[in-house]
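Subject: The structure, and what I found in it

Hi there,

Here is the structure I promised to pass on. Have a look at it first, and then read on for my notes.

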Amino acid sequence: MNEHDSERIAGLLEADGLVLADSDENADVVVFNTCCIRENADNKFYGHLGRFKNIKEERPDMEIIVSGCLAQKDREQIAQRAGHVDVVVGTHNVHRAVELLHESRRNGPITEIWDEALDDADTFPSALAVRREVDWSAWVTIQVGCDNTCAYCIVPAVRGREISRPFGELVSEVERLAADGVREITLLGQNVNSYGRDLTSARRALNPAHDDFEIAGEQWLADRRARPLFADLLIAVSKVDGIDRVRFTSPHPKDLREDTITAMGTNAAVCSHLHFPLQSGSDRVLALMHRGYTAQRYLEKVVAARAGIEDLAITTDIIVGYPGETEEDFVRTLEVAAEAEYDSAYTFIFSPREGTEAALMVDQFCDPAEVGDRFERLRVVVERSALAKHMARIGRTEQMIVEGPSKRDPEVFTGRTAQNKLVHFTSDRPLRSGTLATALITEASTHFLRGELVEVLSVSQHRTRFAVTAG
Ligand code: SAH
Ligand code: SF4
């Protein structure tokens, strides 16, 4: 979500006539788009900002914008701590970043933070006005904010209440992206499965351009118009002509419903990958976290998802060292992780975030050495299943979208499968990124697969770059 906000700000700057600098130190305008989900992201930012103080002393005309979650959280503190910042802009008014920059040129440094997101199309993070890193893939924010109350999490405080974007607006956006050459979209939300629940009848209404809503020749949603939910959205966007792949992140385990599993299992464009954040395997800790499910319920949903979606990859997020986590609690996490047989996992050490319930449980904070040890033990369990899953793919021919030449070896290309697996493969011909191709998998490791090109299925037709040379 943060990266998507960066694309939006880059889009605004580009529309203002600026071009991307070759390095941040050479830029006239530098944007720090911050994250505050864990403490180290927070500390890193103040370190970077300090470095730019020196650069700005040498180049006083350099302008600095600070945006994102940390700006929302720290507000005036940023300007107080760092007088060299020109603009501080929060999460709800990202679209104002460049206007504020102009204002600061007239009136001096400015901090503008809104307490709430406005429920209106101008403030929603549209995927159309962004500067995308790649032309064939795009993020589409379907909902902003979060209405959950996970005891460790700062997101609701910095991203505000949950607001779903209107269904028709989203489908139109995806159609426009597809017309623009995008073949893969990733739907973004903190709790995508609750998409649509907040839509009132006025906002639920389909986009006027889609009053007679038709996708791929089907009269769509005739009976669902009253209340489009996440599964409806998944189906609708996966039917948009030109969209070959639909991904989404993240579904909350308490809200994953059968209709989403069915939509994933029956629509070829929806990728066979479920990012399914567990957080802890202990029911006691899950209750302390207010996650709203038990380990048993979570595992039942894993089984249902695997039964309903062919060749499904499941990944997760796990927090180690939640306040009060005992050895017994942690062993449950190891057991559930082993049973879930994850394809990969993001594992985090609990980080107290001021203002959250868990940050107040100081007397129950775990011993850091013990947490480090648990973190390592969890890594071993996750990597065991990841490697086993990858080894099972050797000898198979996998479909992938080519992402480009590999960073380490220009003779090798990198592709990504529907299961979100990275494949490093050899090819006897150059391949444009965005091309759909197949590779025979020959080797596997914990974090990626290796293979060789078998067939190019469809070349990316998109043309974006040109050169005019004299001669
Ligand atoms: N909305 C998503 C999570 C977004 S935050 C969901 O509920 O699944 C991404 C991940 O960061 C979380 O899943 C959690 O594992 C981790 N995280 C959030 N707050 C944290 C904290 N205070 N300490 C450590 N990890 C945290
Ligand atoms: Fe944070 Fe929980 Fe909301 Fe995810 S669902 S963003 S973890 S409060």
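Below are my notes, going from the whole chain down to single residues.

**The overall picture**

Please keep in mind that this is a predicted model. The protein is built from 14 helices and 19 strands. The C-alpha trace spans about 70 × 60 × 55 Å along its principal axes. For 471 residues, a compact globule would have a radius of gyration near 23 Å, and the protein has 23 Å, so the two agree.

Of the 471 residues, 52% are buried. Among contacts with a separation of 6 or more, 72% are between residues 24 or more positions apart. The accessible surface is about 21700 Å², and carbon and sulfur atoms account for 50% of that area.

As for charge, there are 54 positive and 76 negative charges in the protein, and their mean positions are 1 Å apart.

**Salt bridges**

Side chains of opposite charge can pair when their charged atoms come close. In this model the count comes to 40 salt bridges. I picked out three of them for you.

The first one I looked at is between Glu116 and Arg161, with a distance of 3.5 Å from N to O. Glu116 sits in the loop between strand E4 (110-112) and strand E5 (137-141), while Arg161 sits in the loop between helix H6 (155-159) and strand E7 (163-164), so this pair ties together parts that are 45 residues apart in sequence. What about their exposure? Glu116 is partly exposed, at a relative accessible area of 44%, and Arg161 is also partly exposed, at 39%.

The next pair is Asp311 and Arg393, whose closest N and O atoms are 2.8 Å apart. Here too the partners come from loops: Asp311 from the one between helix H12 (295-308) and strand E13 (313-320), and Arg393 from the one between helix H14 (368-391) and strand E15 (397-405), so the salt bridge ties together parts that are 82 residues apart in sequence. Is Arg393 buried or exposed? Arg393 counts as buried, because its relative accessibility is 5% and the cut-off for buried is under 20%. Its partner Asp311 is partly exposed, with a relative accessible area of 30%.

The last pair lies within a single helix. Arg374 and Glu370 form a salt bridge, their closest N and O atoms being 3.4 Å apart. Both residues belong to helix H14 and are 4 residues apart, about one turn of the helix. Arg374 is buried at 4% relative accessibility, whereas Glu370 is partly exposed with a relative accessible area of 29%. These two also belong to a network, in which salt bridges that share partners join Glu325, Glu327, Glu370, Asp373, Arg374 and Arg377.

**A buried acidic residue**

Have a look at Asp5 as well, which you will find in helix H1 (residues 2-15). Asp5 is buried, with a relative accessible area of 3%. Which residues does Asp5 touch, not counting those up to four places away in sequence? They are Asn33, Val94 and Arg159.

**Backbone details**

Most residues other than glycine have a negative phi, and most peptide bonds are trans. A few places in this model depart from that pattern, and they may be worth finding on your screen.

- The peptide bond from Thr249 to Ser250 is cis, with omega near -10 degrees. Ser250 is in the loop between strand E11 (245-249) and helix H10 (258-266).
- Gln279 has a positive phi, near 75 degrees, although it is not a glycine. Its place is the loop between strand E12 (273-275) and helix H11 (283-289), and Gln279 is buried, with a relative accessible area of 7%.
- Asp311 has a positive phi too, of about 55 degrees, and is likewise not a glycine. This is the Asp311 that forms the salt bridge with Arg393, in the loop between H12 and E13.

That is my tour of the model. Enjoy exploring it!

Best wishes

Note on methods: Residues are numbered from 1 along each chain as its sequence is written. Chains are lettered from A and ligands numbered from 1 in the order in which they are written. This is a predicted model: local features need pLDDT of at least 70, side-chain atom pairs count only at pLDDT 80 or more; totals for chains, interfaces and linings use all residues. Side-chain values use heavy atoms; hydrogens and water are left out. Helices (H or I, at least four residues) and strands (E, at least two) are DSSP runs, numbered from the N terminus. The radius of gyration is taken over C-alpha atoms; the globule rule is 2.2 Å times the number of residues to the power 0.38. Buried means under 20% relative accessible area, exposed over 50%, partly exposed in between (1.4 Å probe, protein chains only). Contact means heavy atoms within 4.5 Å. Accessible areas come from the Shrake-Rupley method with a 1.4 Å probe; for residues, only the protein chains shown count as cover. Lys and Arg count as positive and Asp and Glu as negative; His and the chain ends are not counted. The place of a charge is taken as NZ of Lys, CZ of Arg, CG of Asp or CD of Glu. A salt bridge is a side-chain nitrogen of Lys or Arg within 4 Å of a carboxyl oxygen of Asp or Glu.
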